[in-house]
Amino acid sequence: MNDLAPTAERLQEAREFAGLKPEGYWQGVFKRLRRDPITVGAALVVLLIALAAVFAPWLPLADPYDGRIVQRLKPIGTEGMPLGGDELGRDMLSRLIYGGRLSLFMGIAPVVAAFLIGTTLGVLAGYLGGRTNMAIMRTVDVFYAFPSILLAIAISGALGAGLTNTLISLTVVFIPPLTRIAESVTTSVRGLDFVDAARASGASHLAVIRTHVLGNVVGPIFIYATSLVSVSMILAAGLSFIGLGVKPPEPEWGLMLNTLRTAIYVDPVLAALPGVMIFVVSICFNLMSDGLRSAMDVKL
Amino acid sequence: MLRYVLRRVAYVVPIALGVSIVCFALVHLVPGEIVDAIVPADAPPEVVEQMTKDYGFDQPLPVQYGLWLWRAVQGDLGESLVSGRPVAAEISKAFGNTFVLALAAALLGFSLGLLMGGIAGYLQGSLWDRLVTGLAVTGVSLPHYWLGIVLVIIFSAQLNWLPAVGAGPAGSDQWQLDWAHLRHMILPAVTLAAIPLGIIARTVRAVVAEILNQEYVETLRAKGLGEGRILVHVIKNAAPTVLAVMGLQFGYLLGGSILVETVFSWPGTGFLMNTAILQRDLPLLQGTILVLALFFVSLNFAVDILQTLLDPRIRRG
């Protein structure tokens with residue numbers, strides 16, 4: 001999960017991708033995606049967990065905050081508690097499903113925010129070049145010099161625990177790699193003849209950026225961003241795990257993993273359950289990202 | 001070559017300064033007056049005022065940064081709010097433990113990753129290849145702190161084979177080379193090795209597969225070279241890329257071990273940061289992050305130079 005860095009290879013791939021995009025391209029991508037059983041399976045699992053999380057209040061579930069001391073660490077399969085009770089006697093199944101709300105949100109929201117900010121910065125740096133490029137890219141390099149988890153912990157540790165602070169720190173962590181890819185692709189697109197031709201035929205800078213640059217840049221960055229969702233989820237849950245993310249009693253997978261640590265000698269399977277959720281969702285996002293990459297990567 | 005090294009130095013020094021600015025700014029991110037984060041909550045106003053003066057918080061920010069950097073360069077990272085001991089001393093004690101653990105994890109993860117990825121690259125499309133690819137995805141998708149908990153559940157709680165916490169018997173907080181200490185290291189090292197194992201295996205597989213598909217390999221085969229000699233060519237060509245990834249991964253092992261160290265109560269820099277966060281000990285947090293980030297920057301610099309030595313194409317490029 002620490003593999004944040006877009007490798008030279010990945011950057012090259014993104015640049016190559018930007019060059020060629022035949023007609024009917026997106027139909028082709030979807031057709032290839034539909035035929036890839038692993039990607040479809042992974043997408044279905046994520047969809048199922050996401051739908052359950054979103055519609056949790058309407059599902060016939062116990063109150064995820066309602067703890068009863070007699071139900072403390074009830075084993076899996078107890079009458080009325082299919083997945084047992086947690087360390088405060090709250091219904092595990094309900095908490096795992098409700099936990100998906102915050103965990104998925106914290107996996108996706110920082111990536112979306114960083115995607116918007118990083119693309120903007122990268123396109124600006126790549127298109128304007130010169131001093132603007134220097135200023136943006138050198139600043140990005142500084143944040144890049146931190147291992148991702150160290151930077152997340154540094155910012156969260158200074159700002160303190162809480163949902164908003166976690167979102168801020170993770171967004172800052174993901175901006176540098178996305179900016180780098182956007183800058184790299186933009187710089188190579190800007191040098192292509194059709195951009196000069198568009199400028200010469202009277203297109204404004206804004207029009208060139210919108211149609212030619214963004215059209216080519218968004219694809220590769222999107223592929224990369226999907227692979228960041230799993231990193232974001234693991235980091236967010238990790239921050240909660242050391243007490244820097246979501247605060248109790250909110251149901252959130254990382255936090256649940258932390259509070260259930262006291263139970264590993266009493267009910268080990270129960271204590272490991274929240275981690276299974278993080279792992280399943282994160283591997284599904286990685287598989288989806290891999291599938292998307294091979295579906296979008298048309299080698300002519 | 002010397003010109004290349006100088007150019008890299010000219011690039012790295014501003015980055016290192018930038019890193020120090022970020023670390024300096026961290027303390028200023030804290031809501032409220034900075035001095036409140038440094039003095040105990042029940043300190044009398046005179047003390048607060050004295051501290052403000054001593055630390056230079058009444059000075060403009062650039063001056064404060066200059067003073068802070070000057071002290072940091074001389075090895076003075078301030079004092080821990082909780083223990084009162086110098087931060088630099090706390091870090092140097094913990095850093096050794098983190099380094100040893102990272103080294104063990106790297107040896108384990110890198111050697112297995114090289115072996116598995118290399119074989120997968122040679123046997124493209126085979127069952128083994130698919131197995132390694134699947135394992136690599138699993139490695140990067142694993143929340144490693146959870147893997148640590150699962151290992152503790154299996155090998156400590158259930159089987160009672162290996163100790164679950166600490167670096168040695170009876171709360172030993174200094175690592176030594178003996179069986180009692182090695183036993184404590186097995187679970188955290190295996191946990192930490194999972195990610196680099198996956199990433200190295202994936203990288204090596206891709207690089208080896210790509211090299212084997214090159215025309216010059218066919219030429220080598222055509223002129224009758226044995227597989228052993230071809231392997232030498234493959235290793236020579238794969239080395240720069242693989243080395244760069246290994247360098248990065250080693251840095252991540254050092255800087256990213258906080259969660260694993262927390263799971264195993266391993267007395268390293270990650271555990272130190274965790275304590276600092278729980279007790280709101282900002283000088284300790286800031287100092288540890290500065291040291292780890294600067295180490296990461298220097299490591300990348302060293303890998304960069306080494307890579308150029310191995311691959312002359314980079315120098316010319």
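Helix axes are lines fitted to C-alpha atoms over the stretch in contact, and angles run from 0 to 180 degrees between N-to-C directions. This is a predicted model: local features need pLDDT of at least 70, side-chain atom pairs count only at pLDDT 80 or more, and totals for chains, interfaces and linings use all residues. Residues are numbered from 1 along each chain as its sequence is written, while chains are lettered from A and ligands numbered from 1 in the order in which they are written.

**Exercise 1. Describe how H6(A) packs on helix H7 (residues 163-190) of chain A.**

Step 1. Take the geometry. The two helices pack at about 145°, and their axes are 9 Å apart. Helices are DSSP runs of H or I with at least four residues, strands are E runs of at least two, and both are numbered from the N terminus.

Step 2. Find the hand. The crossing of H6(A) with H7(A) is right-handed. Right-handed means that the near helix is turned clockwise from the far one by less than a right angle; anticlockwise is left-handed.

Step 3. Name residues. H6(A) contributes A:Ser148, A:Leu151 and A:Ile155, among others, and the H7(A) side includes A:Asn165, A:Ile168 and A:Val172. Contact means C-beta atoms, placed from the backbone, within 7 Å.

Step 4. Sort by class. There are eight nonpolar, five polar and no charged residues in this contact. Nonpolar covers Ala, Val, Leu, Ile, Met, Phe, Trp, Tyr, Cys and Pro; charged covers Asp, Glu, Lys and Arg; the others, Gly among them, are polar.

**Exercise 2. Check the length of helix H6 (residues 127-141) of chain B, then find what covers its buried residues.**

Step 1. The expected span is 1.5 Å times one less than the number of residues. For the 15 residues of H6(B) this should give 21 Å; the end C-alpha atoms are 21 Å apart, so the two agree.

Step 2. List the buried residues. They are B:Val132, B:Ala136, B:Val137, B:Gly139, B:Val140 and B:Ser141. Buried means 20 or more other C-beta atoms within 10 Å of a residue's own; exposed means 12 or fewer; partly exposed lies in between.

Step 3. Look for the cover. It includes helices H9 (205-241) and H11 (268-296) of chain A, and helices H5 (87-122) and H8 (179-212) of chain B.

Step 4. Compare another helix. Helix H9 (residues 215-222) of chain B is hardly covered, with zero buried residues among its eight.

**Exercise 3. Explain why B:Gly148 counts as buried, and place it.**

Step 1. B:Gly148 has 25 other C-beta atoms within 10 Å, so it is buried.

Step 2. B:Gly148 lies in helix H7 (residues 144-158) of chain B.

Step 3. Leave out residues up to four places away in sequence. B:Gly148 then touches B:Pro188, B:Thr191, B:Val260, B:Val263 and B:Phe264.

Step 4. Measure along the chain too. B:Leu187 is 39 residues away from B:Gly148, yet their C-alpha atoms are separated by 7.2 Å.

**Exercise 4. Summarise chain B and its contact with chain A.**

Step 1. Count elements. Chain B has 14 helices and zero strands.

Step 2. Count burial. Of its 317 residues, 38% are buried.

Step 3. Turn to the contact. Chain A gives 39 residues and chain B gives 43. On the chain A side, H11(A) has the largest share, 10 residues.

Step 4. Check confidence. pLDDT is the predictor's confidence in each residue, from 0 to 100. Chain B has a mean of 84, and 95% of its residues reach 70 or more.

Technical notes
Contact = placed C-beta atoms within 7 Å.
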